[in-house]
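Q: Could you take a close look at the salt bridges for me? I'd like to see how the partners sit.

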Amino acid sequence: MSQTVIEVSNLKKKYRSSVGRSLITALDGIDFSVREGELFGLLGPNGAGKTTAVKILLDLTRPTAGEARLNGLPAGHPESRRRVGYLPEGHKIPSYLTARQALGIFGKMSGLDNVTIKRRSLELLEKLRIAQWIDVRVKKYSKGMTQRLGLAIALLHSPHVLLLDEPTDGVDPVGRREIRDILRTEAATNGTAVLLNSHLLSEIELTCDHVAVLRNGKVAAAGSIEELTRRATQYKFVPVVPVDDSLVAAFRESGAGVERVNGHMLLTVDDVTHLNALVDKLRASGGLLAELSPVRSTLEDVFVDLVRAVDPGAQQSVEGDAR
Amino acid sequence: MKVLMANIEDVMREAAARWTLVAYFFLSTIFILIFASAINLDIVDGALAGAKLFGKQVEVSGTMSIEKLVMGFESGFSGVLYVLCTFLAIFATAHLVPRMQEKGTIDLYLSRPVSRVKLILSRYLAGLILAGSNVLYLIGSIWMIVAWKTHVLHPRFFLAGAIILFLIATLLAFAFLIGVVTSSTAVSIMATYGVFFFGVMLAGHARIEAALSKEWQAMGIKLLYWIMPKTAELATAVVGFVAGPQVNNEILKVTAAPFVSTAIFGFVCLALASWLFQRKEF
C-alpha cells in the first residue's frame, strides 16, 4: 500500500492585496492528497489558487485555515522539505552561477556531500542533455535550458516529492517528451510523488494519473484522467453497414440521441441497459456491430466546461469527494 | 555548516561575478599603493631624522623615536580606515537580502530543508566574512608597509580592524533589517549610511539637548543617542585603542558604554530581521 506524501485538507487562504483593501480568497477549503509514485496534476485558470497551494506546502506562505502536510510532517517544518524538489514558475537561478556551481550550492543547502553532488549533477545534466553547458554561466542559457537546469536542481537530492510549476515552459517538444519520461521514471522506479501545476492540459493529460481542477479557490473536480474525460452516456456506434433511417427513427423513439458522424453514429443513452436495447434493435434488423466505445472528452473540454460552469460554488467530483 | 558553506560560496561567487569583489579590493589596493608611495622616512640610528608625506617635508620636533611615529601614524590612519572600510563593506553587502528575496529566487532558497532564521544568519555571516576579508587586507597591507619601511611591528594596529569589523557587523544587521522589510538594495544602503551619520551627529547630543526648548524634545534626543550605534565614539575608540594606554589623552579614553549600546542595537536589528524574515510571506 503506497503512502500518502502530500495531504491537503480544508486549506484556506485569504489575504489583502494592500492595507485597507478587501480580503481576497485564494483558497476556499481545498482537499487533495498524493500518494508516493503518483503523478498528480493541479489545474485551474489564472488566479484559481494553484500556486498558492504549492506555496503553502513549501511554507512560502501560510494558510488562513486548514492543514497541509508533506512527507507526514506539517508544511512549515523544515524537515518536511528534506526530500522535496521544487521547480517554481519563472524561477531565477542566480545568473552569475554556472550549472555546476548552482547544483553545488543548492545541493549543499539540501544537505548533500560533495561526492554525491558531483555524481548526481553529471548524471542529471546528461539525462537532461545540458551536460556540455555545465561550466557555462546561467545567463548564457536559453529559457528551455534554464528550465532543464531548474529541473536538475529539483531532482538533485533524489526527492520523494516533486512539486513542479510549469516544468516544460519554454522547452522544445523533444525536451518535453524527455522531461515527461524522466518524471514517469522517477515515479515508477523511485516512488516519487509528482505534483504538476500546469496550464498545458495536453501535457498534464500525457503525464498525470490523477488531477484536481481548481476554480475560484475550490476543487471543482478531481479524479483520474480517465474518469474525468469519460462521457458517461455517449457512445461511438459503428455498424458494419450504415443503418437506414427507419432504424435511426426507432432509436430516437426509444429516447436516445442520435447523431450521424462520418459513417458512424454518436448515441446518447440513458444507461447501459438502454444501450443494450439499441444494440438488440440493430441485430433484430439484421445489422452487425463493428465497434462500440464510450466517447471521451479531452481534458481541455473538461477544463473549459468546468471553468465556464455557471455556478461557481458547485463542485463536481468523480470519486465522490475530492480525494 | 553545509548551509553556511553554501552561502559563503554563493556570496563570494556573486561578488566575483558582479565585479563587486574586484572593485572592493581594487579600491582598497589603490588606497594601499597611494599610502605606500606617499610616505618616505629618513631613519638614522633608530631615530627619525626626517619624513616626507606626498613629497613634502614634514616638520619633526627634535628627535622623535620611530616607535612613537609609527604609533601616532597608525592611530591617526586607523580613523581614516574606519570610515573607508565601513562604507565599502556596506556598499558590497547591502544587496544580499534584497537579491535573495527576488521573486523566482527566494523560492529556490526557501524550498530547501533549512529554517529561515538559519538561512538569513548564514547569509549575514557570509557577508561579514566578505567584509572582514577586506578589512584584514587593508589593515594587514598597511601594517606590513609600515613594518617594511620602519622595521617597527606595532600589533595594536590590528585592534582597529576588530573595532571596524564590530561596527560593520552592527550596520550590516541594520542593512539586513531594511532589506527584509523593503527588498530594496538602494534603500538599505541609504538608510545604513544615514544611521552612520546620524550616530556621528548624536555624539553631540548634549549640545543639541541644551539648544532645545522643550524637555520632551531633549529626552527624545537623549533616547535616540542611547538607541543608535555610537559611530563617533567608536571612531575615537579605534584611535585610542591603536594609540594604547601610554597616550594620556582624555579624548581618547575608551569606555565600554559605546560598545555595549552599539552591540545591543546590532543584536536587536539582527533579531528583528530574522523574526520578520521568518514571518514574511512570499
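A: Here is a walk through some charged pairs, followed by a charged patch.

This is a predicted model, where local features need pLDDT of at least 70, side-chain atom pairs count only at pLDDT 80 or more, and totals for chains, interfaces and linings use all residues. Residues are numbered from 1 along each chain as its sequence is written, chains are lettered from A and ligands numbered from 1 in the order in which they are written, and side-chain values use heavy atoms, with hydrogens and water left out.

A salt bridge here is a side-chain nitrogen of Lys or Arg within 4 Å of a carboxyl oxygen of Asp or Glu. Searching the whole structure turns up 21 of them over all chains.

Let's start with A:D172 and A:R148, whose side chains meet in a salt bridge at 3.4 Å, N to O. A:D172 lies in the loop between β7 (161–165) and α5 (173–190) of chain A, while A:R148 is in helix α4 (residues 143–155) of chain A, so the pair ties together parts that are 24 residues apart in sequence. (Helices are DSSP runs of H or I with at least four residues, strands are runs of E with at least two, and both are numbered from the N terminus.)

How covered up are these two? Buried means under 20% relative accessible area, exposed means over 50%, and partly exposed is in between, using a 1.4 Å probe and protein chains only. A:R148 has a relative accessible area of 7%, so it's buried. A:D172 has 37%, so it's partly exposed.

Another pair in chain A is A:E67 with A:R69, joined by a salt bridge of 3.0 Å, N to O. A:E67 is partly exposed at 36%, and A:R69 is partly exposed at 24%.

Now hop over to chain B, where B:E209 forms a salt bridge with B:K222, their closest N and O atoms being 3.5 Å apart. This pair links distant parts of the chain: B:E209 is in helix α9 (residues 205–211) of chain B and B:K222 is in helix α10 (residues 215–227) of chain B, 13 residues apart. B:E209 counts as buried at 14%, whereas B:K222 is partly exposed at 35%.

Back in chain A, salt bridges that share partners join A:R129, A:R148, A:D172 and A:E178 into one network.

Finally, the patch. On the surface, A:E205, A:E300, A:D301 and A:D305 gather in a patch of negative charge. Patch residues have over 30% relative accessible area and no salt bridge, with like charges joined within 9 Å and nonpolar side chains (Val, Leu, Ile, Met, Phe, Trp, Tyr) within 5 Å. Helix α10 (residues 299–308) of chain A gives the most to this patch, with three residues.

How values were computed
Accessible areas come from the Shrake-Rupley method with a 1.4 Å probe; for residues, only the protein chains shown count as cover. Lys and Arg count as positive and Asp and Glu as negative; His and the chain ends are not counted. The place of a charge is taken as NZ of Lys, CZ of Arg, CG of Asp or CD of Glu.
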